[in-house]
Amino acid sequence: MTSFLMRRFVAMIVLLFVISFVTFTLFQLGPADPAAAACGQECTPQRIAEARVALGMDKPFLTQYFTYMSGLFSSHMVGAPGSQALCSWPCLGKSFQTNEDVTTIIARALPYTLSVACGAVVLWTVAGVGLGLLAALRKGRFTDKLIVGGASVGVSLPIPVTGLLLLLLFVSTLDLLPFTTNEIASPFGAAGPGGWFLNYLLPWVALAVLFSAQYIRVTRSNMLETLGEDFMRTARSKGLSRRSIVFRHGARAGLTPVVTMLGLDIGSLLGGAVLTETIFSVPGVGFTAVHAAQSGDLPVTMAITMMAAFFIIVANVLVDIAYAVIDPRVRVA
Amino acid sequence: MNRSTIAAIALTATAGLALTACGGAKPTPGDKQGANADAYAPVTVGKGFTTKGGNINVLMSSDFQTLDPGNSNYVQTANVGQLYYRTLVMAKETAGQPPKMVPDLATDLGKASKDGLTWTYTLKKGLKFEDGSPITSKDIKYGVERTYARDVYTQAPQELDSALADDSYKGPYHGGDFKGIDTPDDQTVVFHLKQPYAEFPALVSRSNTAPVPKAKDTKLDYTNHPLSSGPYKIKSYDRGRSMKLVRNSNWDPATDPNRSALPDTFTFSLSTAQATISQQLLANSDPTAITLDSNGGLQASDAAKLNDPKVKKRTAAGLLGCTDVLNLNTETIKDKDVRKAMALAIDRAAVQVQYGGARFGKIAQSYINPAQVGYVPQHTDLDPAGKPKLDEAKKLIKGKNVPKKLVYGYADTNARYKNVGTVLQQNLKQLGIDLQLRPIPAANYYTVLAGDQMPDIARSGWCGGADSGSVRTTIDPNVGPSLDGKTYGFSNIPRYHDAKIAKAMYELRGTNGTSEELGKKWATLYDQAMQDYPLVPLVRSYTSSVVGSKVRNAQMGYFFGAIDLSTVGAEH
């Protein structure tokens with residue numbers, strides 16, 4: 001297991017460097033020019049050149065890249081030549097737009113994304129797995145058809161549609177819930193767990209409608225496959241109770257692919273639920289990423305891309321470990 | 001964003017536009033009873049309200065790029081800036097009219113020397129910063145000096161700097177004395193200009209002349225707490241989330257008749273999605289809410305709701321100084337008759353529909369308008385209702401060498417501009433021109449238009465420049481010559497250069513006189529230039545902004561394109 005983990009760790013570091021380099025290169029090759037964007041409609045070539053110096057974009061590409069990456073290992077001076085300041089380790093640079101430390105920007109955004117992610121994950125896992133199991137156990141009956149039909153609708157609804165409909169119905173029309181506010185970042189603030197719950201309920205539901213639909217389909221099909229296996233027939237013939245057959249034997253075997261899905265989805269979500277955060281005005285990582293990309297804010301874009309990649313890679317590693325625990329053949333491989 | 005998402009948004013937007021277009025023939029926001037009512041008259045919500053107190057909650061979809069007056073060329077910052085900084089002269093907003101220049105920190109609009117090369121300002125007495133320290137002429141000079149430090153400030157306003165006589169100065173962080181301004185005593189500021197500039201009071205109304213004490217300058221971090229010289233100061237600022245402004249006890253209203261400063265506080269929510277902003281405002285979920293987002297935060301699909309009487313009485317509206325035009329690249333479409341034929345063939349009424357219909361803009365016949373100083377009547381053969389004149393267009397191009405293929409470039413973040421291209425494709429096909437559409441990254445849009453990649457046709461907008469009340473600051477940047485007068489200027493997108501007109505404009509730049517008399521000359525030259533059809537005027541913006549039911553004195557800023565924060569109040 002130790003060598004398995006070591007291999008994964010080294011692969012993760014290499015992958016992160018590759019991703020950082022690709023992101024940096026794409027940004028440089030892309031059409032967006034932060035220096036030109038900074039001075040607007042009356043931008044003379046001289047002003048663009050001055051802005052390029054101020055943003056540190058006048059240096060060679062590799063110098064810019066290694067200067068940026070060196071911040072991951074030590075503190076260093078960053079900022080415009082006329083206004084340099086020490087950026088403490090781990091330094092992800094300063095925002096082109098606001099001159100804030102990028103670590104501060106991410107630290108501010110992350111609690112919002114965690115709030116969105118944790119509730120949504122619980123909701124969609126419970127609903128998705130629960131309804132998937134129910135549909136599998138009621139195969140061919142009305143309940144099954146209702147759940148499968150609902151899942152088909154849910155998986156077809158993009159987040160902007162679900163989100164706006166939820167806002168329109170529960171906030172604007174029925175006035176049952178407040179508009180999401182950026183004043184509540186966690187359940188430990190002034191609003192308390194109750195205020196936090198109400199604030200994030202609609203984003204959770206919007207995400208859960210989409211994700212639980214996928215989980216229902218996967219859970220149902222895997223359970224149906226597992227319930228038809230020989231060992232299940234053996235379990236039944238041994239006279240085990242229905243509950244024991246379904247949950248102790250069937251679910252453990254049938255839900256392994258769901259664990260994979262869940263791990264990867266959580267990893268992706270921690271990198272920012274872009275659409276959900278944008279629609280519900282949650283200033284999380286996804287929301288920040290959209291603004292950074294639109295305004296050509298390279299340091300913020302780089303940091304969020306690397307962070308999202310980090311979460312996904314870590315989620316992959318955790319899934320692999322979980323698999324290795326569940327199925328010893330993976331360790332050998 | 002996946003395909004189904006894009007499709008859903010496109011469907012919603014199209015449905016909204018279609019609804020708006022259907023109702024667009026009779027714009028209602030400014031429509032008063034009676035046949036002769038001006039559909040584009042300004043509408044102010046709760047006009048005449050004078051009660052102090054309460055809070056205004058400003059909903060915004062993103063944080064201010066900067067609050068530093070020395071590092072901002074954004075209208076949003078200028079609007080909120082009225083609350084925490086003052087300048088020598090203030091551009092005072094009145095809905096539907098270009099801003100009027102009024103003295104602010106200075107006692108008057110400035111005294112020009114006979115040759116027009118020196119402008120002198122005297123500060124009012126008793127002016128203080130929020131910390132109680134006096135505002136002196138040196139603080140004004142230092143504020144201007146900072147805007148020269150372009151190795152620090154990428155967004156520093158440049159109009160004033162371009163006019164002052166010290167091009168070699170690199171800002172206060174590199175040492176050296178700035179020769180563009182003298183401060184003979186604590187009350188007097190003397191500006192030295194390269195050339196006479198009749199609209200100079202407008203230049204010192206820009207944020208460059210907001211006072212900044214040298215000891216308080218924290219360079220790029222100054223944006224987190226600019227020292228207030230206005231009626232409010234920043235109590236808290238949580239970047240990307242919220243900001244709160246409270247009264248500045250060291251602001252003396254006796255020195256400032258321009259800002260009513262009615263609410264006790266302003267709160268800003270800096271990360272509210274536009275869709276949420278429009279829903280909150282339409283539903284009146286916060287009776288003290290307003291927005292500074294463009295188009296009042298309204299989505300195209302919300303437009304029909306503006307006809308609801310309950311919403312209508314909470315909607316401030318007005319014409320802005322912003323006009324959109326199509327630039328015809330005169331280097332690639334050289335024949336002026338071909339350009340004119342193209343202009344005549346364009347269905348500008350159909351283009352207006354792409355802007356959201358008549359409610360979102362008025363068909364424009366010129367970049368300049370009669371409310372501007374120096375305006376003289378302009379001549380054009382374009383239909384005032386925006387309908388194409390295809391027969392005339394076809395006659396003009398008979399026997400001419402008409403290009404078979406042209407390229408229209410558009411900013412890629414707004415579907416509207418692509419849709420305008422689709423209209424143009426259909427129109428120009430009638431002249432045998434195959435128009436190709438080319439997306440351009442929005443962030444670099446104007447840099448591309450100024451460079452080698454300028455397409456044959458491109459849209460641009462202009463909101464009046466340094467002085468939206470004067471014709472000069474629209475004409476010179478858009479069709480004027482380069483600094484040496486030998487070619488076209490860097491922001492002259494159609495690359496229009498007529499040697500005779502360029503020479504006259506070049507000479508006019510150095511001429512001493514009043515804004516009125518010089519403006520008439522600029523406007524006459526512009527009228528001559530427009531007979532060559534380098535530009536096709538499209539739509540002049542008319543913006544509506546829904547406010548909460550307790551918001552009063554909400555007027556649409558002509559320059560800001562949003563509710564003017566210096567006059568708004570709240571019933572409480």
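1. Helix length, and a helix to check. The expected span of a helix is 1.5 Å times one less than its number of residues. Helices here are DSSP runs of H or I with at least four residues, strands are E runs of at least two, and both are numbered from the N terminus. Helix α10 of chain A (residues 242–254) falls short of that span. Its 13 residues put the end C-alpha atoms only 16 Å apart, against the 18 Å of a straight helix.

2. Ground rules. This is a predicted model, in which local features need pLDDT of at least 70, side-chain atom pairs count only at pLDDT 80 or more, and totals for chains, interfaces and linings use all residues. Residues are numbered from 1 along each chain as its sequence is written, and chains are lettered from A and ligands numbered from 1 in the order in which they are written.

3. The two sides of α10(A). Which residues of α10(A) are buried? They are Val246(A), Gly250(A) and Gly254(A). Buried means that 20 or more other C-beta atoms lie within 10 Å of the residue's own; exposed means 12 or fewer; partly exposed is in between; C-beta atoms are placed from the backbone. The buried residues of α10(A) are on the same side of the helix because they cover an arc of only 45 degrees around the axis. The arc is that of the directions from the helix axis to the C-beta atoms. An α-helix has 3.6 residues a turn, so residues three or four places apart point the same way. The face turned away from the buried side carries exposed Ser244(A), Phe247(A), Arg248(A) and Arg252(A). The buried residues pack against α5 (102–137), α8 (192–227) and α9 (230–237) of chain A.

4. Chain A overall. Chain A has 15 helices and 2 strands. Its C-alpha atoms fill a box of roughly 80 × 55 × 40 Å along the principal axes. Of its 333 residues, 40% count as buried. Two residues are in contact if their C-beta atoms, placed from the backbone, lie within 7 Å. Among contacts in chain A with a separation of 6 or more, 66% come from residues 24 or more positions apart.

5. Domains of chain A. Chain A is divided into domain 1 (2–87) and domain 2 (102–326). Domain bounds come from an automatic or database domain assignment. The C-alpha centres of the two domains of chain A lie 33 Å apart. At their junction, 15 residues of domain 1 of chain A are in contact with 13 residues of domain 2 of chain A. On the domain 1 side, α1 (2–29) and α2 of chain A each supply at least two residues. The largest share, 10 residues, comes from α1(A). By class, this side has 11 nonpolar, 2 polar and 2 charged residues. Ala, Val, Leu, Ile, Met, Phe, Trp, Tyr, Cys and Pro count as nonpolar, Asp, Glu, Lys and Arg as charged, and the others, Gly among them, as polar.

6. Domains of chain B. The assignment gives domain 1 (15–21 + 320–542) and domain 2 (62–241) of chain B. Their C-alpha centres are 32 Å apart. Contact involves 19 residues of domain 1 of chain B and 13 residues of domain 2 of chain B. The domain 1 side takes at least two residues each from α13 (472–479) and α15 (515–530) of chain B. That side has 3 nonpolar, 13 polar and 3 charged residues.

7. Chain A against chain B. The contact takes 47 residues from chain A and 41 residues from chain B. On the chain A side, the elements giving two or more residues are α2 (34–39), α3 (45–54), α7 (159–173), α12 (274–279) and α13 (285–294) of chain A. By class, that side has 25 nonpolar, 16 polar and 6 charged residues.

8. Helix α3(A). Its buried residues are Arg47(A), Ile48(A), Glu50(A), Ala51(A) and Ala54(A). They fall within an arc of 160 degrees down the axis, so they line one face of α3(A). Pro45(A) and Gln46(A), on the other side, are exposed.

9. Backbone points. A cis peptide bond joins Trp89(A) and Pro90(A), with omega about -5 degrees. Pro90(A) sits in the loop between β2 (85–87) and α5 of chain A. Arg495(B) is not a glycine, yet has a positive phi of about 55 degrees. Arg495(B) counts as partly exposed, with 19 C-beta neighbours inside 10 Å.
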